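Biologist: I have a model open and want to go through it with you. Can you take my questions as they come?

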Amino acid sequence: MNETARHIVIVGAGHAGGVAAATLRQTGFAGAITLIGSEPYPPHERPPLSKELLAGAIPVEKTYLRPLAFYADNRIVFHPGETAVAIDRTAQRVTLKNGDALSYDTLLLTMGARARRLSLPGADHPRVLYLRDIADSLALREHLKPGVRAAVIGAGFIGLEAAAAARKRGAAVTVLEVQREPLQRVCPPEIGCFMADLHRRNGVELRTGVRITAIAGADDALALYTADGGTVAADIVLAGIGAQPNVELAQAAGLAVDNGILTDEFGRTSDPHIFAAGDVTRHFNPLLGRKIRLEAWQNAQNQAIAVAKVMAGGNQPYAEVPWFWTDQYDVNLQIAGAPERWGELVWRGGVDNKAFTLFAMEGGIPVAAITMNNGRDMRAARELIARRRAIDPARLADTQVKLQDLAKESAGG
Ligand SMILES: Cc1cc2nc3c(=O)[nH]c(=O)nc-3n(C[C@H](O)[C@H](O)[C@H](O)COP(=O)(O)OP(=O)(O)OC[C@H]3O[C@@H](n4cnc5c(N)ncnc54)[C@H](O)[C@@H]3O)c2cc1C
């Protein structure tokens with residue numbers, strides 16, 4: 001087909017959708033591009049929504065990937081506030097909520113994920129809030145003021161970041177976590193304890209091993225009931241209990257879906273005309289040798305770039321060590337790799353230090369790393385993980401041995 005006659009439709013104008021549209025143009029794709037997004041905003045990044053935007057330190061526009069004019073200037077037809085409701089794979093057509101239908105030659109699905117909802121009595125109270133998009137962040141921010149009691153259910157990244165922002169705005173914060181320590185799903189317990197201490201030092205009442213069973217609301221106060229018979233009083237509740245991928249559109253169209261739209265390392269779905277990228281995918285990662293679903297900035301950015309290049313005719317797979325960061329108070333925590341468990345650990349420095357790095361090992365091979373206020377170790381740590389070669393744990397633990405030197409040795413050996 002003549003490239004200029006080709007029409008690429010992108011469903012989902014968040015981070016991955018916006019990056020993919022721009023990359024298609026940057027790589028010289030000359031055909032038509034249509035970008036459809038449910039939100040009223042241009043494509044934007046989400047990390048500030050639980051940090052700077054929530055704390056009131058930046059305006060909404062600072063989260064945009066590019067100014068709105070970029071899309072028209074680059075012949076990208078952008079439909080904000082519009083939702084795709086059906087895909088007809090035989091006719092290669094997407095139907096929008098407003099009844100319009102768009103024909104595509106190639107379709108990219110970047111519908112992201114949504115906040116998982118609490119399912120317990122009283123959870124539908126209007127002051128039980130979630131944090132996924134700009135509207136959520138602005139709505140929550142309205143409530144966060146000195147004297148307000150905020151209860152955060154869930155000590156995962158979103159809950160902890162929101163707790164830190166709420167403290168910055170002077171709210172009294174209680175974090176309620178059902179597990180024994182924060183971040184249990186993604187970090188070893190030592191890191192969870194470190195983060196718990198950090199929050200307590202900053203005035204958060206952090207309670208672990210607490211299960212909320214119901215929420216009762218009068219006009220101006222909420223009561224959270226716990227499984228052990230206690231209650232927690234709050235003016236506002238934020239539930240940060242995870243996210244689930246927006247797969248329904250793909251599922252209804254008969255694409256292969258299993259905790260995310262299944263793709264290969266090129267972003268190809270089970271339909272040769274349809275690709276997917278970002279949080280909505282469970283994609284094959286050649287470095288890990290398995291399929292993985294990520295909720296991370298790096299994946300939204302770099303998988304979208306890689307997949308857009310493939311859609312424009314390239315043949316390079318997306319193959320990176322997963323990477324994630326969080327900022328809370330004066331702490332920067334970064335994680336590389338996605339281990340199924342944090343078994344054997346090698347520490348460079350210890351939790352008593354303000355800055356340290358640790359590695360998770362499997363059979364003498366580093367498979368994941370965490371840097372705490374030590375981001376300068378991250379590049380070398382990711383290289384070491386990508387090489388998948390055994391390393392002497394004593395040298396890895398020795399802070400006198402530069403990680404960069406170990407990475408070079410590992411590359412050469
Ligand atoms: C509050 C928050 C803080 C974060 N902080 C960090 C961080 O510090 N570090 C880090 O590494 N990662 C962080 N992340 C994760 C990361 O930035 C996201 O995973 C990233 O935004 C994923 O991009 P995406 O394009 O796949 O999905 P999204 O950005 O969610 O975009 C999907 C878009 O598709 C739209 N959509 C869905 N269905 C349809 C439809 N049918 N039709 C049209 N549009 C549709 C949605 O409305 C949304 O706008 C954070 C995420 C959140 C929510």
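Modeller: Sure. Start at Leu 262: it stands opposite Arg 282 in strand 20. Strands here are DSSP runs (E, at least two residues), and helices are runs of H or I with at least four residues, both numbered from the N terminus.

Biologist: Before we go on, what kind of model is this, and how are residues numbered?

Modeller: The model is predicted: local features need pLDDT of at least 70 and side-chain atom pairs count only at pLDDT 80 or more, while totals for chains, interfaces and linings use all residues. Residues are numbered from 1 along each chain as its sequence is written.

Biologist: Back to strand 20. In which sense do strand 18 and strand 20 pair?

Modeller: Parallel, over three bridges, with strand 20 covering residues 281-285. Two strands pair if DSSP finds at least two bridges between them.

Biologist: What sheet has strand 18 and strand 20 in it?

Modeller: An open one of three strands, ordered 18-20-21, with mixed pairing. Strand 18 (261-263) and strand 21 (290-292) are the edges, each pairing on one side only. The average twist from one strand to the next is 25 degrees. Angles run from 0 to 180 degrees between N-to-C directions, with axes as lines fitted to C-alpha atoms (for helices, over the stretch in contact).

Biologist: And the five-strand sheet, what order is that?

Modeller: 22-23-26-25-24, open, with antiparallel pairing. Its edge strands are strand 22 and strand 24 (344-348). Twist there averages 20 degrees from one strand to the next.

Biologist: How many bridges join strand 23 to strand 26?

Modeller: Four, between residues 331-336 and residues 365-372, running antiparallel. Ala 336 has Ala 369 of strand 26 as its bridge partner.

Biologist: New topic. Is strand 1 enclosed or open?

Modeller: Largely enclosed by the rest of the structure, because four of its five residues (7-11) are buried. Buried takes 20 or more other C-beta atoms within 10 Å of the residue's own, exposed takes 12 or fewer, and partly exposed is in between; C-beta atoms are placed from the backbone.

Biologist: What does strand 1 run parallel to?

Modeller: Strand 2, through five bridges. Val 11 faces Ile 36 of strand 2 there, standing opposite.

Biologist: Which elements supply the shell around the ligand?

Modeller: Strand 2 (32-37), helix 1 (15-26), helix 8 (297-311) and strand 22 (323-328) each give at least two residues. There are 37 residues around the ligand, and Gly 12, Gly 14, Ala 16, Gly 112 and Gly 278 come nearest. A residue counts as near if its C-beta atom, placed from the backbone, lies within 6 Å of the molecule or strand in question.

Biologist: How does that shell divide by residue type?

Modeller: 18 nonpolar, 14 polar and five charged. Nonpolar covers Ala, Val, Leu, Ile, Met, Phe, Trp, Tyr, Cys and Pro; charged covers Asp, Glu, Lys and Arg; the others, Gly among them, count as polar.

Biologist: Which domains does the protein have?

Modeller: Domain 1 (3-114 + 245-311), domain 2 (128-239) and domain 3 (339-412). The bounds come from an automatic or database domain assignment. Domain 1 and domain 2 each put at least three residues into the ligand shell.

Biologist: How many residues of domain 2 contact domain 3?

Modeller: Five, meeting five residues of domain 3. Contact is C-beta atoms, placed from the backbone, within 7 Å. On the domain 2 side, four of the residues are nonpolar, none is polar and one is charged. The C-alpha centres of domain 2 and domain 3 are 32 Å apart.

Biologist: Where is Leu 183, and what is its phi?

Modeller: Leu 183 is in the loop between strand 11 (172-177) and helix 6 (189-201). Its phi is positive, about 60 degrees, although it is not a glycine. Leu 183 is buried, with 24 other C-beta atoms within 10 Å.

Biologist: Then Asn 259, buried or exposed?

Modeller: Exposed, because it has 11 other C-beta atoms within 10 Å. Asn 259 also has a positive phi, about 50 degrees, without being a glycine. The loop that holds Asn 259 runs between helix 7 (248-252) and strand 18.

Biologist: Last one. What do strand 4 and strand 5 form?

Modeller: A hairpin with four residues between the strands, and Gln 92 in the turn has a positive phi of about 50 degrees. Strand 4 (residues 84-88) and strand 5 (residues 93-96) pair antiparallel over four bridges. Ala 86 has Thr 95 in strand 5 as its bridge partner.

How values were computed
Contact = placed C-beta atoms within 7 Å.
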